[in-house]
Amino acid sequence: VTGASFVVFNGALKTSSGFLAKSSIVEDGLMVQITRETMESLRQALRDKKDFRITCGEADTGDVKEYVDICWVENEERTNKG
């Protein structure tokens, strides 16, 4: 589990790169590079307020080590009101 001040979703990852998705820590945030198709699915999930999982790692290997989970929560007491 990684805490971050911000998250950037970059939808420019090419399918030919050999990766499902890539995540990296940038300053005090997280950058997630995803394909255009995954970006479209993520946008729809956000519109529908549905949880969404991005699997990171190489497409060819079965060794997936990272997931980026976007989860909607019931408790909104700790959200930033500003």
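Is Val-8 buried, partly exposed or exposed? In the predicted model, Val-8 has a relative accessible area of 35% and is therefore partly exposed, since the buried class ends at 20% and the exposed class begins over 50%. The residue is found in strand 1. Together with Phe-6 and Val-26, Val-8 forms a nonpolar patch on the surface. The accessible area of these three residues together is about 190 Å².

The setting of this patch follows from the overall fold. The secondary structure of the protein consists of one helix and five strands, and the elements follow the pattern β-β-β-α-β-β from the N terminus on. The five strands make up an open sheet with mixed pairing, in the order 1-3-2-4-5. Strand 1 (7-10) and strand 5 (66-70) each have a single partner strand and stand at the edges, so one side of each is left without a neighbour in the sheet. From one strand to the next, the twist averages 35°.

Two of the pairings involve strand 3. Strand 1 pairs with strand 3 in the parallel sense, over four bridges. In this pairing, Val-7 stands opposite Leu-30 of strand 3. Strand 2 (residues 19-26) and strand 3 (residues 29-34), by contrast, run antiparallel and are joined by six bridges. Here Ser-24 is placed opposite Met-31 of strand 3. Strands 2 and 3 also form a hairpin, with two residues between them. Glu-27, located in the turn, has a positive phi of about 55°. Val-26, a member of the nonpolar patch, falls within the range of strand 2, which covers residues 19-26.

In a regular strand, side chains alternate between the two faces of the sheet. The helix of the protein packs against several of the strands. Helix 1 (residues 36-47) lies across strand 1, strand 3, strand 4 (52-58) and strand 5. Relative to strand 4, helix 1 runs at about 160°.

Totals for the chain complete the description. The protein has 82 residues, of which 20% count as buried. About 6,500 Å² is exposed by the protein, and carbon and sulfur atoms supply 47% of this area. Among contacts between residues at least 6 apart in sequence, 39% join residues at least 24 apart.

Technical notes:
Residues numbered from 1 in each chain as written. Predicted model: local features only at pLDDT ≥ 70, side-chain atom pairs only at ≥ 80, totals over all residues. Heavy atoms only, no water. Pairing = 2+ DSSP bridges. Axes fitted to C-alpha atoms, helices over the stretch in contact; angles between N-to-C directions. Contact = heavy atoms within 4.5 Å. Patch = residues over 30% accessible without salt bridge, like charges linked within 9 Å, V, L, I, M, F, W, Y side chains within 5 Å. Areas by Shrake-Rupley, 256 points an atom, 1.4 Å probe, with all protein chains shown as cover. Salt bridge = Lys/Arg side-chain N within 4 Å of Asp/Glu carboxyl O. Buried < 20%, exposed > 50% of the residue type's maximum accessible area, 1.4 Å probe, protein only.
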